There are 2 protein chains.
Amino acid sequence: MKPNQQRAKETVQPQRRTSRSMKALQRRPRGLKTRRAILRKAVNLASLEGLEGLTIGKLASALRISKSGLFAHFGSKEDLQCAVVDEARDIFVEKVVRPAHQFHGLKRLRALCENWLSYGETKVFPGGCFFSAASLEFDDRPGRVRDQIVELMKKWLGNLEYAARDAQLAGEIRKEVDVRQLAFEIQALAMGANWSSRLFRDQNAFRLVRGSILQRLDQATGTAQSRR
Amino acid sequence: MKPNQQRAKETVQPQRRTSRSMKALQRRPRGLKTRRAILRKAVNLASLEGLEGLTIGKLASALRISKSGLFAHFGSKEDLQCAVVDEARDIFVEKVVRPAHQFHGLKRLRALCENWLSYGETKVFPGGCFFSAASLEFDDRPGRVRDQIVELMKKWLGNLEYAARDAQLAGEIRKEVDVRQLAFEIQALAMGANWSSRLFRDQNAFRLVRGSILQRLDQATGTAQSRR
DNA sequence: TACTAATACGAACGGTCGTGCTATTATCTG
DNA sequence: CAGATAATAGCACGACCGTTCGTATTAGTA
């Protein structure tokens with residue numbers, strides 16, 4: 001069954017493959033499946049060691065495939081990083097954004113907050129919030145990766161702001177509140193929870209920040225019982 | 001044993017050839033000056049490219065000295081990173097902490113906030129807040145560098161909290177306020193300002209967050225005019 | 001079953017990494 | 001000024017980086 005004889009392969013003619021990276025574009029099911037497996041592992045590794053600290057060699061040996069075999073799925077390291085960011089985005093949307101979109105207004109805003117906190121608390125990424133780390137790592141590295149992260153973060157902030165504005169129009173949030181500022185503060189508090197939990201290994205951080213965010217929301221809606 | 005080199009120095013081991021890093025401990029004025037110059041440049045570079053992205057080769061050629069000449073000032077890369085963190089700490093204390101320590105209570109707390117915002121706004125480090133970046137970069141890398149960062153961040157949070165508690169005892173902050181939470185929220189907002197300014201290249205971020213922090217302080221002191 | 005394209009692999013490249021040696025220069029001291 | 005010592009440079013090392021190339025294996029199709 002297994003022909004181990006070394007047959008001369010004269011039939012192989014150099015058929016001028018102009019560019020190797022072209023190959024990454026025409027993929028069949030098997031390749032796609034491998035690619036997904038690579039990205040799943042890559043996202044986890046990158047959340048721990050950073051997008052730049054994630055090296056192709058380490059990733060390959062973690063998956064027990066060859067470096068060049070892995071590399072062939074992406075044209076370059078930058079392409080790999082972009083794909084990793086995209087994969088992380090999908091997971092984030094799945095866990096945080098999409099479940100909240102069945103609600104509207106204040107309910108959606110609360111759901112986004114709660115989902116984010118639970119996303120951090122349950123360690124969806126083993127190294128903490130992927131985007132907190134990535135945006136601080138790439139804020140001074142121009143290129144496609146940075147551009148992608150910027151766009152994603154803008155969309156996320158826009159998501160928060162949109163829900164808040166919706167709530168305001170529905171009269172759930174007081175008219176004087178600056179919804180843009182509110183969205184930003186929520187995001188800052190959430191990132192603070194991630195920061196504290198990672199740096200101090202303090203799982204309690206999410207509980208504390210949940211309180212902070214709820215308090216801030218109460219203040220925005222006018223039900224601020226803490227001022228009584 | 002060599003009789004002529006018994007100085008009034010506490011040399012633990014008599015001329016151990018193996019340990020090169022010992023050299024870094026006994027330094028004369030000239031070496032110290034070079035060391036400071038190295039660290040000054042290193043802090044700036046590290047704030048841009050990260051503590052791990054800062055390599056000895058790049059640092060040396062940026063200073064136009066030899067790699068080995070630079071390396072001799074530190075026993076290892078980890079030592080260099082620790083020294084860089086320490087240098088950054090000195091600058092931070094100088095710009096943010098010390099000027100606020102002439103005040104007490106609420107005034108000190110306000111000064112700490114304002115100094116921090118101005119520290120971010122005036123780009124004391126060209127790559128934004130050194131510690132925001134470093135703490136997220138090293139939160140998953142065990143070692144001396146991480147330990148040092150953890151300790152510094154705890155001290156900084158403690159500083160904020162201490163001033164807030166002082167203010168509370170002086171009756172400047174309402175009794176019901178959790179000063180620990182207040183300190184944390186200020187820190188989170190400040191880091192958020194840094195994040196936004198770096199990622200979105202939005203210098204306005206500091207102005208916005210200044211508003212957020214003042215509003216939060218007003219709420220804590222009871223002069224919350226925004227709720228009127 | 002044979003052919004072909006997709007996929008994976010091994011080896012190697014030029015570079016750069018951190019880190020040692022040794023030699024040379026600069027500075028200080030007696 | 002001579003000699004000692006601190007400070008810096010030159011050079012080389014092994015390891016790993018991203019990347020390329022040729023080839024072997026696999027799977028889909030004629």
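This passage describes how two chains meet in a predicted model and how two helices pack within one of them. Local features require pLDDT of at least 70 and side-chain atom pairs pLDDT 80 or more, whereas totals for chains, interfaces and linings use all residues. Residues are numbered from 1 along each chain as its sequence is written, and chains are lettered from A in the order in which they are written.

Chain A contacts chain B through 33 residues on each chain (contact: C-beta atoms, placed from the backbone, within 7 Å). Helices 1 (29–49), 6 (130–137), 7 (144–169), 8 (179–199) and 9 (205–221) of chain A each supply at least two residues of the side that touches chain B. Helices here are DSSP runs (H or I, at least four residues), numbered from the N terminus. Helix 8 of chain A gives the largest share, 11 residues. By class, the side of chain A that touches chain B holds 13 nonpolar, 11 polar and 9 charged residues (nonpolar: Ala, Val, Leu, Ile, Met, Phe, Trp, Tyr, Cys and Pro; charged: Asp, Glu, Lys and Arg; polar: the others, Gly among them).

A rotation of 180° with 0.0 Å of shift along its axis superposes chain A on chain B, with an RMSD of 0.0 Å (least squares on C-alpha atoms of residues with pLDDT of at least 70 in both copies). This is the relation of a two-fold axis. Of the residues of chain A, A:Ala188 comes closest to the rotation axis, at 2.9 Å (C-alpha). The same surface serves both copies: 100% of the contact residues of chain A recur in chain B.

Within chain B, helix 8 and helix 9 pack at about 170°, with axes 9 Å apart (axes are lines fitted to C-alpha atoms over the stretch in contact; angles run from 0 to 180 degrees between N-to-C directions). The two helices of chain B are therefore roughly antiparallel (angles over 145 degrees). Among the residues that meet are B:Leu182 and B:Ile186 of helix 8, and B:Phe206 and B:Val209 of helix 9. This contact has 10 nonpolar, 4 polar and 2 charged residues.

Key
Two residues are in contact if their C-beta atoms, placed from the backbone, lie within 7 Å. Angles under 35 degrees count as roughly parallel, over 145 as roughly antiparallel, 65 to 115 as roughly perpendicular and the rest as oblique.
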